[in-house]
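Biologist: Before accepting the labels attached to a structure, I should like to see each one set against its definition. Would you take me through them?

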Amino acid sequence: MDFGVSERIETIVSMINEFVERELIPMEPEYLVHDFNEMLPRLREKQAMVKQMGLWAPNFPVECGGMGLSLVEHGLVSEALGRSPLGHFVFWCQAPDAGNVEILHMFGSDVQKQRFLNPLVAGDIRSCFSMTEVDMPGSNPVMLETMAVKDGDDYVINGHKWYTTSADGADFAIVMAVTNPEAPPYLQASMIIVPSDTPGFNIVRNIPVMGHEGNGYGSHAEILYQSCRVPQTNLLGPEGQGFVIAQERLGPGRIHHCMRWLGICKRAFDLMCKRANERVIAPNGKTLATRQIIQGWIAESAAEMEAARLMTLHAAWQIDNVGAAKARDSISMIKFVVANTMNRIVDRALQVHGGLGMTDDTILAYFYRHERAARIYDGADEVHKTSLAKRILRSYEGREVR
């Protein structure tokens, strides 16, 4: 496999790193203390700059208005953008919109693409993905209570969802709901587009996460679907294929997440090294960097970060070249390896900063609050480890080992 990076991608990543450093990182102190919606006018100004640079929507298809980067190429871009919590939104490749674009591009009808996909890629609207339920285990996506029942030419949807990221202000949701309750478990659910102005689409609240409720794009909503009626033409793909479509979404989505997490790793690592070199801890001028335990953290973090990065790029290369199904084991591995690597490095960086690390005077406390969930969403660590182990063990059944 060739991890060589083209001159074009090197230039793009360099431009993004410079933009993040010059335009976005200086906005972070304001972002940490203001509502997202208050920041939106200034973020729109930055987005206009990105469009002028020709770097808008890097992972979206060219025919829709994106740059059409491969998964490996976008992984490198995502790593650079991940250094700031504003990066992906400003360059318009943020979750959950990125995954919804992939679904609409692969499974949407021409009418659906015209109404929802094109304006979504253009940045004229936002979307959300409504799958996780309050009373059902998110680790088992075939267990859903939300029902979509046919009535004439419509579906009538009833259910209770939460952690619908960015629903506040979104123009539509892609909803996972049971349409075929008598079918085998993996063929019961479908994906249905629900415009957010549909009667019965009710946002109950933005859920406080680690004490922060958020609003606009920076929020996670609890939603009640109460006799929510949409035309059957809003069905995405064939009926009963919701789980299959979700799997198509999750493979590339995990690459996006993992490379963003590696960008967070790099930012936390840079801050940790700078703090260690500068923080004087003794009258003789010795700094934290002279302490062996700090040196151990630095060395371990550098090695863990590089290993996680290579694993993720390898998984992206596999998806690009042989498809997500054959990359299944690699996708499972990177999910828990990179999430835990990020959590450890952020924790070490925060510890090196001491009391300062607990404040919002650096970005570290924000990362600590918001990225702990990386080990839960898109499949908890334990689920990925268990399913991976079972597949590995099956491959040894009847095998001679000497």
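The exchange below takes the labels in turn.

Modeller: This is a predicted model, in which local features need pLDDT of at least 70 and side-chain atom pairs count only at pLDDT 80 or more, while totals for chains, interfaces and linings use all residues. Residues are numbered from 1 along each chain as its sequence is written, and side-chain values use heavy atoms, with hydrogens and water left out.

Biologist: Why is aspartate 381 called buried?

Modeller: Buried means under 20% relative accessible area, exposed means over 50%, and partly exposed lies in between (1.4 Å probe, protein chains only). Aspartate 381 has a relative accessible area of 1%, so it is buried.

Biologist: What makes the pairing of aspartate 381 and arginine 375 a salt bridge?

Modeller: The term requires a side-chain nitrogen of Lys or Arg within 4 Å of a carboxyl oxygen of Asp or Glu. The side chains of aspartate 381 and arginine 375 meet at 2.7 Å, N to O, and therefore satisfy that limit. Arginine 375 has 23% relative accessibility and so counts as partly exposed. Elsewhere, salt bridges that share partners join Glu18, Arg22, Glu23 and Lys46 into one network.

Biologist: How many salt bridges does a search of the whole structure find?

Modeller: The search finds 21 salt bridges. One of them is formed by the side chains of arginine 309 and glutamate 79, at 2.8 Å from N to O. This pair links distant parts of the chain, since arginine 309 is in helix H9 (residues 292–322) and glutamate 79 is in helix H4 (residues 71–81), 230 residues apart. Helices here are DSSP runs of H or I with at least four residues, strands are runs of E with at least two, and both are numbered from the N terminus.

Biologist: Why do arginine 309 and glutamate 79 receive their respective accessibility labels?

Modeller: Arginine 309, with a relative accessible area of 23%, is partly exposed. Glutamate 79 stands at 15% relative accessibility and therefore counts as buried.

Biologist: What makes aspartate 360 and arginine 369 a salt bridge, and which labels do the two residues carry?

Modeller: Their side chains meet at 3.2 Å, N to O, which lies within the limit for a salt bridge. Aspartate 360, at 27% relative accessibility, counts as partly exposed, whereas arginine 369, with a relative accessible area of 15%, is buried.

Biologist: Why is arginine 391 said to make a polar contact with aspartate 329?

Modeller: A polar contact is a pair of N or O atoms within 3.5 Å; within protein, one must be able to donate a hydrogen and the other to accept it, and residues adjacent in sequence count only if both atoms are side-chain atoms. The side chains of arginine 391 and aspartate 329 make such a contact at 2.6 Å. Arginine 391 is in helix H12 (residues 381–395), and its 13% relative accessibility means that it counts as buried. Setting aside residues up to four places away in sequence, arginine 391 touches Arg328, Asp329 and Ser332.

Biologist: Is leucine 356 buried or partly exposed, and what is it in contact with?

Modeller: Leucine 356 has a relative accessible area of 30% and is therefore partly exposed. It is located in the loop between helix H10 (328–353) and helix H11 (364–371). Contact means heavy atoms within 4.5 Å; apart from neighbours within four places in sequence, leucine 356 is in contact with Arg275, Asp361 and Thr362.

Biologist: How do you know that strand S4 and strand S5 pair?

Modeller: Two strands pair if DSSP finds at least two bridges between them. Strand S4 (residues 172–178) and S5 are joined in the antiparallel sense over 7 bridges, so the criterion is met. In S5, valine 194 is the bridge partner of alanine 173. S5 also pairs with strand S8 (residues 235–236), again in the antiparallel sense, over 2 bridges, and methionine 191 stands opposite leucine 236 in S8.

Biologist: What makes strand S5 mostly covered?

Modeller: In strand S5 (residues 189–195), 7 of its 7 residues are buried. In a regular strand the side chains alternate between the two faces of the sheet. Ala189, Met191, Ile193 and Pro195 point one way from S5, and Ser190, Ile192 and Val194 point the other way, all of them buried.
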